[in-house]
Amino acid sequence: MKQKRGSRLFNGLGLIVALWVGWLSVCAAPCAHAEYIPPGPKYKCPEKIKLIYPCVCTHGTDDGIYIQCENSNLASLSVAFINLANTNVPIVQLRLKRCKISHLEPFCYSHPFGKDLAKAGAYGQGCVVS
């Protein structure tokens, strides 16, 4: 049985086309459902958490970081704030809770946004600076 020369070419080409279509259907189909996963927030919490002790970074966003300081005094807060300032990361919210700062209340009343805090009744929990 002799095959024609042209039919052998088409059989080989048909095999290549069939393998190529099979490869595309197996490999390209999962890629068609892929989606872009954006990176994390632009500003992340500091990796060395002891630098901002007694404060804690609750989370970071594209706008800045959220800081919460609880049950602390002014001396340890000042060290944490200096270290925060050195990171050059914007702070969206700084929350002070149950801090041992006796002279903060008059400051809050005299500061421009302190009046807003007084209306909100924030002095029972400490000043919340947003």
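**Exercise 1.** State how many helices and strands the protein chain has, and the pattern in which they follow one another.

*Solution.* Helices (H or I, at least four residues) and strands (E, at least two) are DSSP runs, numbered from the N terminus. The protein chain contains four helices and four strands. Along the sequence, their pattern is α-β-β-α-β-α-α-β. The model is predicted; local features need pLDDT of at least 70, side-chain atom pairs count only at pLDDT 80 or more, and totals for chains, interfaces and linings use all residues. Residues are numbered from 1 along each chain as its sequence is written, and side-chain values use heavy atoms, with hydrogens and water left out.

**Exercise 2.** Determine how E2 pairs with E1 and with E3.

*Solution.* Two strands pair if DSSP finds at least two bridges between them. E1 and E2 are antiparallel, with five bridges; His59 lies opposite Tyr66 in E2. A hairpin of four residues connects E1 to E2. E2 and E3, by contrast, run parallel and are joined by six bridges. Here Glu70 has Lys97 in E3 as its bridge partner.

**Exercise 3.** Identify which side chains of E2 are buried, and relate them to the largest nonpolar core.

*Solution.* Buried means under 20% relative accessible area (1.4 Å probe, protein chains only). Ile65, Ile67 and Cys69 point to one face of E2 and are buried, whereas Tyr66, Gln68 and Glu70 point to the other and are not. In a regular strand the side chains alternate between the two faces of the sheet. A nonpolar core is a set of buried Ala, Val, Leu, Ile, Met, Phe, Trp, Tyr and Cys residues joined through side-chain atoms within 4.5 Å. The largest one has 13 residues, and Ile67 and Cys69 are among those with the most contacts inside it. Strands E1, E2 and E3 and helix H2 each supply at least two residues of this core.

Definitions and conventions
Buried < 20%, exposed > 50% of the residue type's maximum accessible area, 1.4 Å probe, protein only.
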